[in-house]
Amino acid sequence: MKLILIIFLFFNVSLIYSQELIELKNKLTDLHDLEFANTARKIGTAYLKQGVYDSADKYYDLAIEKAIKIRRYDLAGKSLNNKGVSKYQRGLFIDAIDTYQKAIHYYELSRNDTLVAKGKTNLGLTFKGLNLYEKALENLYSSAKVLEQLDLKKELSSNWNALGNLHRDLGNSDQSLEYLTNSLNLRIEIDYEAGVAQSFHNIGIWYLAEDSIPRALAYFEKSLGIKRKLRNRKSTATTLAQTGEAFMQLDSFKLAEDYFLESLILREESQDQFGIAVSSNHLANVYLVSGKMELAKKYLDKALKFVLKGNFLGEKARTYEALKIYHAQNGNFLEALNYSDLLANVRQEILNEEKSRSFIESEIRYEVYRKDQEILENRNSLILLKERSIWLIVIVIFLTILVLVIVRLYVLSQRILSHRKKSQERIEGLLQELHHRTKNHLQAQSSLIKLQSNYLKDKHAKDVMMDVSNRMKAVTLVHQSLHFPNEKETLEEIDLSDYLKKLTENLLISFGTNNQRIQVEYKLQTVRVNIYSAVPIGLFVNEAITNAFKHAYSGIVKPRLLLELSEENSTLIICVSDNGNGLPDISEKKHSFGITTMRDLAVQLRGKFTFESVNGTQVRLTIPN
């Protein structure tokens with residue numbers, strides 16, 4: 001009944017709103033220029049709220065045209081600012097920046113410093129959202145200076161709050177806290193309650209980032225006290241969720257549960273689909289950690305419903321990760337593997353989205369640079385036209401400007417190189433994260449296999465499970481080396497000698513204390529290979545050493561194993577030798593799983609695999625490097 005009433009009210013409100021819009025459009029033609037411009041702007045804003053962007057732009061353009069005609073440049077600037085919002089919401093970032101800059105131009109023509117400052121604040125926030133931090137700081141600092149001179153305390157507090165968040169993103173902790181604190185004090189002074197709540201929330205986030213959780217909680221509670229009073233559901237839900245995350249870091253799961261539940265209720269009331277997905281995931285994680293599996297599954301199903309509906313990639317990844325853990329803990333390994341595959345696909349989508357965003361940001365930087373150049377060229381042209389009659393001055397000015405342009409181009413080229421370097425570092429960071437997560441995924445799978453093998457009674461089945469676990473560990477070592485490269489390694493290549501030594505030591509541990517008496521000798525040259533060669537080489541050596549540990553040393557008093565790695569004439573030679581009993585029936589062994597696996601891996605590496613059984617067994621692999 002309650003749901004029917006909400007739908008009924010929403011339908012009636014929408015109907016009234018549409019009727020008002022029709023009435024405004026009908027009387028538009030009867031209005032004089034100023035009323036026409038104001039009404040057209042109202043109609044554009046109505047369409048903007050409905051998400052009908054083309055119609056919104058159409059009426060904003062009508063308002064701009066009339067406002068310019070009657071020289072109401074302040075109204076033209078406001079309409080342009082609204083149009084900039086329309087462009088930004090559609091992801092047309094370059095057009096949005098251009099429109100905001102035009103709005104500031106008309107604010108300047110109207111000689112309204114207040115509007116100019118507000119426009120620069122909006123432009124700075126737009127640049128911040130696009131990670132163009134230098135341009136964001138430039139506009140926000142410029143705006144703050146004017147707002148401070150005009151003593152516009154409310155607007156200045158919002159500007160300082162934005163600067164505090166921006167410096168936090170840039171890693172400037174001290175400056176960030178200074179601006180956030182100044183914003184809070186100014187908002188308290190002018191009794192701006194909503195702003196005070198926002199400042200408490202942002203300072204809480206700052207302390208949370210500094211691992212000062214008790215202080216963070218104190219600020220979150222202050223923020224919640226005001227937000228609950230103001231009944232801002234969406235904002236209150238955000239702070240509740242942050243508070244729950246803080247309690248999770250303190251392992252206070254019951255308190256975290258209470259805050260996450262309240263956050264979810266508010267987000268359901270405000271129909272915030274993304275927020276519902278976030279809070280559901282929070283609750284699912286609390287119940288997973290607490291061992292309440294039924295409740296965990298309930299909220300995971302709810303989170304899954306909303307992340308699929310809204311295609312929220314980040315939350316989708318968190319949901320799949322939690323579902324993988326849930327099914328693994330309940331013994332549903334096939335379902336766990338299925339969600340593991342889905343998780344890998346989502347992470348690839350996230351990586352592709354990051355690359356696309358980096359490309360868009362590069363385009364925007366170029367456009368901003370190009371427009372700066374156009375502005376500079378236009379100014380130069382005006383100067384040359386004004387000073388045409390005095391040719392000597394024109395030449396001097398031209399040469400001066402030329403030098404400035406060259407210097408500016410040099411500075412900009414250095415900045416572009418710096419941005420490219422940062423982008424490369426970011427990509428390398430993403431690759432490291434990918435290897436780290438792959439390593440964790442493989443370790444988790446290996447642990448699950450090992451855990452499952454503990455419940456097996458059949459020795460052959462246990463041996464098979466241990467072999468599978470060892471093979472996964474061999475691949476894990478490669479990704480571990482790529483995630484934590486030493487001075488000999490990069491994100492693309494690893495030190496093969498170091499990798500093979502770690503692999504052998506892991507196998508010694510895996511096969512238990514009986515193999516601790518085996519004397520292992522290494523003759524390893526330093527050789528670097530890429531990941532595409534390292535994985536099959538590791539699997540090959542894993543098979544060879546496993547076969548030796550399993551079959552070679554029965555009755556051998558002083559068992560020995562020799563692992564050799566060398567490079568001759570661009571050819572890698574890997575040899576695993578033991579002093580064991582040898583192969584009793586070579587023709588039969590040729591068709592064993594281990595021998596077949598090593599032969600297939602050699603073919604994959606375009607190499608040659610041989611073995612012989614004289615005074616033990618020697619397995620040899622030669623491959624081109």
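This section describes the overall make-up, strand pairing, helix contacts, salt bridges and a surface patch of a predicted model.

The protein chain contains 23 helices and seven strands. Of its 625 residues, 41% count as buried. The accessible surface amounts to about 34,500 Å², and carbon and sulfur atoms contribute 54% of that area. Among contacts in the chain with a separation of 6 or more, 60% link residues that are 24 or more positions apart.

Strand pairing was examined around strand S4, which spans residues 560-568. With strand S2 (residues 519-524), S4 pairs in the parallel sense over six bridges. With strand S5 (residues 571-578), S4 pairs in the antiparallel sense over eight bridges. Leu-563 takes part in both pairings: Leu-563 is the bridge partner of Tyr-522, and it also stands opposite Val-576 in S5. S4 and S5 form a hairpin with two residues between the strands. In the turn of this hairpin, Asn-569 adopts a positive phi of about 55°.

Among the helices, the surroundings of Leu-240 were considered in detail. Leu-240 is located in helix H12, which covers residues 233-249. Its relative accessible area is 0%, and the residue is therefore classed as buried, the cut-off being under 20%. Neighbours within four places in sequence being set aside, Leu-240 is in contact with Leu-224, Arg-228, Tyr-259, Glu-262, Ser-263 and Leu-266. The C-alpha atoms of Leu-240 and Phe-220 are 7.9 Å apart in space, with the two residues 20 positions apart in sequence.

Two of these contact partners of Leu-240, Arg-228 and Glu-262, are themselves joined through their side chains by a salt bridge with an N to O distance of 2.9 Å. Because Glu-262 belongs to helix H13 (residues 253-269) and Arg-228 to helix H11 (residues 213-230), the pair ties together parts that are 34 residues apart in sequence. Both side chains belong to partly exposed residues, with relative accessible areas of 29% for Glu-262 and 36% for Arg-228.

Helix H13 also provides Glu-268, whose side chain meets that of Lys-302 in a salt bridge of 2.6 Å, N to O. Lys-302 lies in helix H15 (residues 293-310), so this pair ties together parts that are 34 residues apart in sequence. Lys-302 is partly exposed at 26% relative accessibility, and Glu-268 is likewise partly exposed, at 34%. Elsewhere, salt bridges with shared partners join Asp-33, Lys-66 and Lys-69 into one network.

In total, the structure holds 22 salt bridges. A further example is the pair formed by the side chains of Asp-61 and Lys-83, at 2.7 Å from N to O. Since Asp-61 is in helix H3 (residues 53-69) and Lys-83 in helix H4 (residues 73-89), the pair ties together parts 22 residues apart in sequence. The partners fall into separate accessibility classes: Asp-61 is partly exposed at 34%, whereas Lys-83 counts as buried at 16%.

A nonpolar patch was identified on the surface, formed by Ile-390, Trp-391, Leu-392, Ile-393, Ile-395, Val-396, Phe-398, Leu-399, Leu-402 and Ile-406. Together these residues have about 960 Å² of accessible area. One of them, Ile-395, is placed in helix H18, which runs over residues 391-453. Ile-395 counts as partly exposed, with a relative accessibility of 39%. This value is consistent with its inclusion in the patch, because patch residues must have over 30% relative accessible area.

Definitions and conventions: Residues are numbered from 1 along each chain as its sequence is written. This is a predicted model: local features need pLDDT of at least 70, side-chain atom pairs count only at pLDDT 80 or more; totals for chains, interfaces and linings use all residues. Side-chain values use heavy atoms; hydrogens and water are left out. Patches are made of residues with over 30% relative accessible area and no salt bridge: like charges are joined within 9 Å, nonpolar side chains (Val, Leu, Ile, Met, Phe, Trp, Tyr) within 5 Å. Accessible areas come from the Shrake-Rupley method with a 1.4 Å probe; for residues, only the protein chains shown count as cover. A salt bridge is a side-chain nitrogen of Lys or Arg within 4 Å of a carboxyl oxygen of Asp or Glu. Helices (H or I, at least four residues) and strands (E, at least two) are DSSP runs, numbered from the N terminus. Buried means under 20% relative accessible area, exposed over 50%, partly exposed in between (1.4 Å probe, protein chains only). Contact means heavy atoms within 4.5 Å. Two strands pair if DSSP finds at least two bridges between them.
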